[in-house]
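Me: I have a chain open in the viewer and would like to learn how to read it, feature by feature. Could you walk me through it?

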Amino acid sequence: SLALVIATTPISATSQDIDPDQPLSEQLGEILRGLRETIEPALQEMIDHFSVLEEIDSFENYTKPEVLPNGDILIRRRPDAPEYVPPATRDPETPQEDGVDT
């Protein structure tokens, strides 16, 4: 989604907007600030989505992702997986049974 934001973000500076008296570094700085303001929310959204990975004890305990007709993605815990232990109660010194440390 970040690539889509970048690809669809119009560049606001045109040849008419360029002030020949303004140093090139300042012009570039303005363009980069605008790009950052556009990208930052999408980047934060990606980070928020990836934070769910902290909840996973081992990928081996889950089935292949299933895409529902409405676009939602469902990842089920395998019935034969060991009991789930929430991250807050896991011992950080003890590796997970499936070899995945959190």
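**Reading the chain**

Reply: Let's start on one residue: Leu32 lies in helix α2. Keep in mind that this is a predicted model.

Me: Okay, is Leu32 buried, partly exposed or exposed?

Reply: You read that off the relative accessible area, where buried means under 20% and exposed means over 50%. Leu32 has 49% relative accessibility, so it counts as partly exposed.

Me: Which residues form a nonpolar patch with Leu32 on the surface?

Reply: Leu28, Ile31 and Leu35 join Leu32 there, and the four together have about 330 Å² of accessible area. Here's the general idea behind such spacing. An α-helix has 3.6 residues a turn, so residues three or four places apart point the same way.

Me: And which residues of α2 are buried?

Reply: Those are Gln27, Gly29, Ile39 and Ala42.

Me: How do I judge the helix as a whole? What span does α2 reach, and what would be expected?

Reply: Compare the end-to-end distance with the rise per residue. α2 covers residues 24–50, which is 27 residues, and its first and last C-alpha are 37 Å apart. At 1.5 Å a residue you'd expect 39 Å, so the two values are close.

Me: Where does α2 bend?

Reply: At Ile39, by about 35 degrees. There's a proline to look at too: Pro41 follows within four residues. Ile39 is also one of the buried residues of this helix.

Me: Let's zoom out. How many helices and strands does the protein chain have, and in what order do they run?

Reply: Two helices and two strands. From the N terminus, the order is α-α-β-β.

Me: What share of the residues is buried?

Reply: 15% of the 102 residues in the protein chain count as buried. As for the outside, the accessible surface is about 8400 Å², and carbon and sulfur atoms own 59% of that.

Me: And which share of the contacts comes from residues far along the sequence, 24 or more positions apart?

Reply: Take the contacts with a separation of 6 or more: 40% of them are between residues 24 or more positions apart.

Me: Next, charges. How many salt bridges are there?

Reply: Look for a side-chain nitrogen of Lys or Arg within 4 Å of a carboxyl oxygen of Asp or Glu. By that rule, the count is three.

Me: What does the bridge between Asp57 and Arg77 look like?

Reply: Their side chains meet at 2.9 Å, N to O. Asp57 is in the loop between α2 and β1 (66–67), while Arg77 is in the segment after β2 (73–74), so the pair ties together parts 20 residues apart in sequence. Check the cover on each partner as well: Asp57 is buried at 5% relative accessibility, and Arg77 is partly exposed at 26%.

Me: What does the bridge between Arg76 and Glu66 tie together?

Reply: That one comes in at 3.5 Å, N to O. Arg76 sits in the segment after β2 and Glu66 in strand β1, so this pair links parts ten residues apart in sequence. Arg76 is partly exposed at 45%, and so is Glu66 at 34%.

Me: Which residues make the bridge at 2.8 Å?

Reply: Arg78 and Asp80. Arg78 is partly exposed, with a relative accessible area of 29%, whereas Asp80 counts as exposed at 56%.

Me: Pro79 lies in the segment after β2. Is Pro79 buried or exposed?

Reply: Exposed, at 85% relative accessibility. For distance in space, go C-alpha to C-alpha: Pro79 and Thr63 are 9.5 Å apart, with their positions 16 residues apart in sequence counted as separation.

Me: Now contacts. What does Tyr62 touch?

Reply: Skip residues up to four places away in sequence, and then list what's left. Tyr62, in the loop between α2 and β1, touches Ile56, Asp57, Ile75, Arg76, Arg77, Arg78 and Tyr84. Its C-alpha is 6.5 Å from that of Ile75, 13 residues apart along the chain.

Me: And which residues does Ile73 contact?

Reply: With neighbours within four places set aside, Ile73 is in contact with Pro65, Glu66 and Val67. Ile73 is in strand β2 and counts as exposed, at 60% relative accessibility.

Definitions and conventions: Residues numbered from 1 in each chain as written. Predicted model: local features only at pLDDT ≥ 70, side-chain atom pairs only at ≥ 80, totals over all residues. Heavy atoms only, no water. Buried < 20%, exposed > 50% of the residue type's maximum accessible area, 1.4 Å probe, protein only. Contact = heavy atoms within 4.5 Å. Areas by Shrake-Rupley, 256 points an atom, 1.4 Å probe, with all protein chains shown as cover. Bend = angle between axes of the 7 residues up to and from the residue. Patch = residues over 30% accessible without salt bridge, like charges linked within 9 Å, V, L, I, M, F, W, Y side chains within 5 Å.
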